[in-house]
Amino acid sequence: MLRIDRNLDTRSIESAYEQLENNKPDLFITKKISEEFGMVPAIIQLISTWFKKVPNGNIMVDSSVGDDLKLFYDLDYFFPAITHCWSRKIVDNSNNDLKPTLRQYNAEAYRKMTTQQAGGGQKVLLSCFDHLSKKRGLLNAFYVDGEFIDSEIIFGMSIDKALKQVVSFNKQKTKNLSNVYLDLIDIIYELIKNTDNWATTDEQNRPLVQSSRGLYMKFHKKKQTTLMAEFQEQEGIRNYFSTSKFEENSQGEVYFLELSVFDTGIGFVQRYRPTSVDKPYSSAEQVEIVKECLLVNNTSAVGLSQMVKGKGLDRIMSILNKKGFFWLRTGSVSLYRNLRQNQYFYGGGKEDVVLYDWKTNSSEKFAHLESVVGSVVSLVYPISALLNE
């Protein structure tokens with residue numbers, strides 16, 4: 001079985017993808033997962049990939065008769081993953097059907113999303129399911145009557161409760177975060193709009209049979225020594241935290257926000273791949289495609305007014321410039337950019353977009369990983385520097 005447990009981290013998860021390719025296993029979900037940066041959307045992507053690549057697989061939830069299944073909904077990935085895979089058999093350790101019980105908890109989880117309630121702490125997950133009806137599948141945080149909220153002002157008001165829930169770590173300090181709110185609204189708007197434009201259809205613009213998309217935000221407060229230990233094997237993000245000077249609170253902790261957007265679409269590479277190309281792209285070729293996606297307007301869309309709406313991922317690079325960290329898993333590549341070291345240049349070309357491989361930590365040598373469903377973008381937005389303002 002493919003186990004979803006605390007042993008999975010942002011590096012070892014690639015071994016799980018190899019297991020998918022080789023064994024076609026069933027899925028086994030436990031009550032414990034790693035709490036490190038990026039793991040929730042990474043697990044959602046892993047389970048979505050399992051759903052596609054193992055068509056006859058079943059899901060076993062690590063529970064027995066009488067256990068409180070509600071505890072599994074404390075796992076931030078559980079509700080969107082179970083909803084995406086609902087057509088599969090879902091059982092407990094004794095092979096009892098769990099769907100009758102899970103239905104009531106799904107309804108409660110959905111209600112929490114529509115009211116933007118916290119997920120057991122300073123974190124929020126908001127998810128859309130395009131294969132359901134618009135009323136049930138398109139979340140009111142991003143849509144009104146089935147239409148994406150194009151106005152950034154209204155969009156910001158719509159997700160205001162979720163943002164405040166995640167960032168309200170200290171009432172006295174929070175009042176200094178107006179610029180942070182504006183940055184976060186801009187980032188979330190571009191990322192969710194990007195999924196609305198590109199992640200709901202296939203190459204021929206036909207609706208996907210199964211499509212889930214969402215936003216995950218979490219407030220982190222940790223000592224830099226703890227972060228170094230957590231990312232001992234992930235050189236890129238460890239280097240970001242170790243070489244950057246962050247303001248610390250009185251306990252020696254740094255504050256940062258994790259902001260991730262995930263989708264189960266066809267992915268960056270397949271979306272931009274010419275239809276005349278029959279053979280798979282190499283990892284280096286996929287990186288070049290991703291670089292194209294990071295240039296201004298290349299992932300924006302034209303609306304009914306024939307005006308380009310948004311500036312796509314380029315805008316996010318601009319917002320994160322000199323302070324943030326960007327990580328993308330799509331296709332057969334896992335890439336990152338430390339925007340403190342590799343800064344953004346407006347109007348630059350592909351040669352100005354420096355991306356590093358998550359596994360090799362090289363900007364020239366890129367590992368060819370097992371392919372995944374859709375895309376996950378995970379960002380670090382530091383807020384420690386605002387503590388003493």
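This note walks through a few helices, two nonpolar cores and some backbone angles in the structure above.

1. Some ground rules to begin with. This is a predicted model, in which local features need pLDDT of at least 70 and side-chain atom pairs count only at pLDDT 80 or more, while totals for chains, interfaces and linings use all residues. Residues are numbered from 1 along each chain as its sequence is written, and side-chain values use heavy atoms, with hydrogens and water left out.

2. A good place to start is helix α1, residues 13-23. Helices here are DSSP runs of H or I with at least four residues, strands are runs of E with at least two, and both are numbered from the N terminus. Ile13, Glu14, Ala16, Tyr17 and Leu20 of α1 are buried. These residues cover an arc of only 155 degrees around the axis, so they sit on the same side of α1; the arc is taken from the directions from the helix axis to the C-beta atoms. Buried means under 20% relative accessible area, exposed means over 50%, and partly exposed is in between, with a 1.4 Å probe and protein chains only.

3. What lies on either side of α1? The cover over its buried residues includes β1 (2-4), α2 and β12 (325-330). The face turned away from the buried side carries the exposed residues Asn22 and Asn23. Just after α1, Lys24 takes a positive phi of about 50 degrees.

4. Now for α2, residues 39-53. Of its 15 residues, 14 are buried, so the helix is mostly covered. Its end C-alpha atoms are 21 Å apart, which agrees with the 21 Å expected for 15 residues at 1.5 Å a residue; the expected span is 1.5 Å times one less than the number of residues.

5. Next, the cores. A nonpolar core is a set of buried Ala, Val, Leu, Ile, Met, Phe, Trp, Tyr and Cys residues joined through side-chain atoms within 4.5 Å. The largest has 104 residues, and Ile4, Tyr77, Phe142 and Phe155 touch the most other members. A second, separate core of 14 residues includes Phe37, Tyr240, Phe256 and Phe325.

6. Two loop residues are worth a look. Most residues other than glycine have a negative phi. Asn95, in the loop between β4 (90-91) and α4 (99-114), has a positive phi near 70 degrees; at 45% relative accessibility, Asn95 is partly exposed. Asp145, in the loop between β6 (143-144) and β7 (147-148), has a positive phi of about 55 degrees. Asp145 counts as exposed because its relative accessibility is 76%.

How values were computed:
Contact = heavy atoms within 4.5 Å.
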